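Student: I should like a close look at a single part of this model. Please describe its neighbours and the side chains around it in one connected account.

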Amino acid sequence: MSLQTPTLLSPGKGEHVWFLNHLMTVKAGGPETDGLMTIIEFSAPAGFGPPPHIHQVEDEMFYVLEGEVMFWCDGESRTYGPGGFAYLPKGLPHRFEISPDGPGRVLQMTSPAQFEDFIRDYGEPAAEAGLPDPTEPDVPRLIEVCKRYQIDILG
């Protein structure tokens with residue numbers, strides 16, 4: 001596909017991937033955007049959030065659709081409900097966390113594209129509905145996959 005071909009998806013449609021116990025739906029990635037960006041909608045349970053990390057390649061943007069999400073970047077933190085937006089530039093330490101009152105639903109955009117490859121590499125294909133039973137992440141494998149995509153886990 002190229003930028004000459006539109007991507008038109010109904011609600012709930014896209015490629016579904018289980019990633020760290022939550023459902024990520026790839027709305028568009030490198031092939032659909034000519035490598036410009038990845039757009040993912042995700043639903044996550046209360047308290048979900050990655051450890052502090054740094055992306056060396058991608059800038060990340062988050063738009064809160066449902067619930068509340070705390071964003072922390074380079075020493076500053078803010079909590080936003082629906083309509084809140086966070087831009088987390090590459091090269092800066094950051095993290096986010098779904099409120100303990102969760103769950104939350106978020107639209108995540110990364111630029112340039114490749115984040116969809118990262119979640120496929122670590123995650124597993126998923127059905128459209130439901131959350132998996134919580135399992136502990138395979139931390140050594142996660143660190144290995146992060147290194148391939150130039151994402152540094154801190155601490």
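Tutor: Strands here are DSSP runs of E with at least two residues, numbered from the N terminus. The model is predicted, and strand β3 can serve as the part to examine. β3 covers residues 38-44 and pairs with β2, residues 22-28, in the antiparallel sense over 5 bridges. One position of this pairing can be named: threonine 25 has glutamate 41 of β3 as its bridge partner. On the sheet packs helix α2 (residues 115-122), which touches β3 together with β1 (15-19), β2, β5 (59-66), β10 (104-111) and β11. The direction of α2 makes about 55° with that of β1.

The wider arrangement places β3 between β10 and β2, in an open sheet of 7 strands with the order β8-β5-β10-β3-β2-β1-β11 and antiparallel pairing. The edges are taken by β8 (85-88) and β11 (124-125); each has a single partner strand, so one side of each has no neighbour in the sheet.

Turning to the side chains, aromatic rings pair if their centres lie within 6.5 Å. By this rule the model holds 9 aromatic pairs. In one of them, the ring centres of phenylalanine 42 and phenylalanine 96 are 5.7 Å apart and the planes stand at 35°; tilted is therefore the class of this pair. Phenylalanine 42 belongs to β3 and phenylalanine 96 to strand β9 (residues 94-98), so the pair ties together parts that lie 54 residues apart in sequence. Phenylalanine 42 and phenylalanine 96 are both buried. Another pair joins phenylalanine 62 and phenylalanine 71, with centres 5.5 Å apart and planes at 45°, so this pair is tilted. Phenylalanine 62 and phenylalanine 71 are both buried as well. These four residues belong to one aromatic cluster, formed by Phe42, Phe48, Phe62, Phe71, Tyr80 and Phe96.

Strand β9 also contains arginine 95. With a relative accessibility of 17%, arginine 95 counts as buried, because the limit for buried is under 20%. The side chain of arginine 95 makes a polar contact of 3.1 Å with that of glutamate 97. Leaving aside residues up to four places away in sequence, arginine 95 touches Gly49, Pro50, Pro51, Pro52, His53, Met70, Phe71 and Trp72. Of these, Phe71 is a member of the aromatic cluster that includes Phe42.

A residue elsewhere in the chain is threonine 7, found in the segment before β1. Threonine 7 has 35% relative accessibility and counts as partly exposed. Its C-alpha atom is separated by 29 Å from that of phenylalanine 48, 41 residues apart along the chain.

Definitions and conventions
Residues are numbered from 1 along each chain as its sequence is written. This is a predicted model: local features need pLDDT of at least 70, side-chain atom pairs count only at pLDDT 80 or more; totals for chains, interfaces and linings use all residues. Side-chain values use heavy atoms; hydrogens and water are left out. Two strands pair if DSSP finds at least two bridges between them. Helices (H or I, at least four residues) and strands (E, at least two) are DSSP runs, numbered from the N terminus. Contact means heavy atoms within 4.5 Å. Axes are lines fitted to C-alpha atoms, for helices over the stretch in contact, and angles run from 0 to 180 degrees between N-to-C directions. Rings of Phe, Tyr and Trp (its six-membered ring) pair if their centres lie within 6.5 Å; planes under 30 degrees apart count as stacked, over 60 as edge-to-face and the rest as tilted. Buried means under 20% relative accessible area, exposed over 50%, partly exposed in between (1.4 Å probe, protein chains only). A polar contact is a pair of N or O atoms within 3.5 Å; within protein, one must be able to donate a hydrogen and the other to accept it, and residues adjacent in sequence count only if both atoms are side-chain atoms.
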